[in-house]
Amino acid sequence: MTAFIEAASPHVMNTYGRLPIALSHGQGCRVWDVNGKEYLDALAGIAVNTLGHNHPRLVPALQEQLGKLIHTSNYYHVPLQEALAAKLTEHAGMSNVFFCNSGLEANEAALKIARKFGHDKGIERPEIVVYEKAFHGRSIATLSATGNPKVQAGFGPLVEGFIRVPLNDIAALERATAGNPNVVAVFLETIQGEGGIHPMRIEYLQQLRRLCDARDWLLMTDEVQCGMGRTGKWFAHQWAGIVPDVMPLAKGLGSGVPVGAVVAGPRAANVLQPGNHGSTFGGNPLAMRAGLETIRIMEEDGLLENAARVGAHLKAGLEQALGSLPGVKEVRGQGLMLGVELAKPCGALLQRAADAGLLISVTAESVIRIVPPLILSAAEADEIVARLTPLVQAFLAE
């Protein structure tokens, strides 16, 4: 009998509250730990593994790229950058792209674009509208834009220049910015992820687009978690029929290979010039190949349609199984970005779900977050519901 392998990382900085699990390998929507236990992956590396694990067309493409070029630097043209940028602008209806490595970096670049946009108009101290419950990253600037005092605690002084408003309330935004000539942009997650799976309403997004046009502000939609097909369209804001001026992307763009991007429309496309911003690793050939192959497979396999169809099936299953339980406040979200909000903190469900062979996360303390690979089948969606339901029932009965 093989000895049990304990999961431990004594030489790694203690920045995460990890479960005692070390994963070894995966296939499709399933992963196995180093002791052979199987899990259904309803987290996808936090909305990252778009194509699941060990995809039969992605892996050979990456292996081929490894044998050609991994990194060259941005002193030179990188043809794969242009190819991926062309794909992203085609699907977004926008103009050009800056490549980086993560969602944090993409959001940081968006904030720099907004500030320089203001400076270029002669505004000395530009201000950006941000939202309650938002999460944009953990650098000092993105932390300052984030609407969670708990993750900000201990890192002051924060960066100034942000005006915080509630979600889906255009009157509140207008009051908060009234008579202020320094406002340059509105920065929002189309669906808040870490904040608890809170969508911006379609009519609110449309109101924002009109307001930004009228006042010459940039509309900046953080699609790091909700973009790349997760809701059933390429980008979640497309459900509202609008086009933003700036759109940060990351997570699902490379199916696990780190890729960040900032897509810009005409109003923002030429704000950054040589010397204004850069990245050593951003746009490297391996990351670009991962992004290109991810999009190609999504197109060929109809994964946007799958996310919409299977996501609706999963949401209906969760609503039927859990929606009427005392202690379940709401099942919400779109496509394969779903949250189940409970009436009490439910972090304990992380370990209990893992024990039951299901990987999930809990966000905003009381929201079960389900963001599986976009290849999820209806049968696997049913399995998520079947494994999660008794755990929630037992937890709420305590």
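**Two sheets and a helix**

Author: Let's start with one pair in this predicted model: Asp41 has Leu359 of strand 15 as its bridge partner.

Reader: What makes strand 3 and strand 15 a pair?

Author: Pairing takes at least two bridges. Strand 3 (residues 38–41) and strand 15 have two bridges, in the parallel sense, so they count as a pair.

Reader: Why is strand 15 called an edge strand?

Author: Because strand 15 (358–359) pairs on one side only, and so does strand 1 (23–27). They belong to an open sheet of four strands in the order 1-2-3-15, with mixed pairing.

Reader: How do you know that strand 16 and strand 17 pair?

Author: Same kind of check: the cut-off is at least two bridges. Strand 16 and strand 17 (residues 367–370) are joined by three bridges, so they pass, and they run antiparallel. Across that pairing, Val362 is opposite Ile368 of strand 17.

Reader: Which sheet holds them, and what are its edge strands?

Author: An open one with four strands, ordered 13-14-17-16 and paired antiparallel. Strand 13 (328–334) and strand 16 (361–363) are the edges, each pairing on one side only. On average, neighbours here are turned by 25 degrees against each other, direction ignored.

Reader: Why do you say helix 12 packs on this sheet?

Author: Contact means heavy atoms within 4.5 Å. Helix 12 (residues 378–397) touches strand 13, strand 14 (337–342) and strand 17, so we say it packs there. Its direction makes about 170 degrees with that of strand 17.

Reader: And where does helix 12 lie on the 1-2-3-15 sheet?

Author: Helix 12 lies across strand 2 (30–33), strand 3 and strand 15, at about 110 degrees to strand 3.

Definitions and conventions:
Residues are numbered from 1 along each chain as its sequence is written. This is a predicted model: local features need pLDDT of at least 70, side-chain atom pairs count only at pLDDT 80 or more; totals for chains, interfaces and linings use all residues. Side-chain values use heavy atoms; hydrogens and water are left out. Axes are lines fitted to C-alpha atoms, for helices over the stretch in contact, and angles run from 0 to 180 degrees between N-to-C directions.
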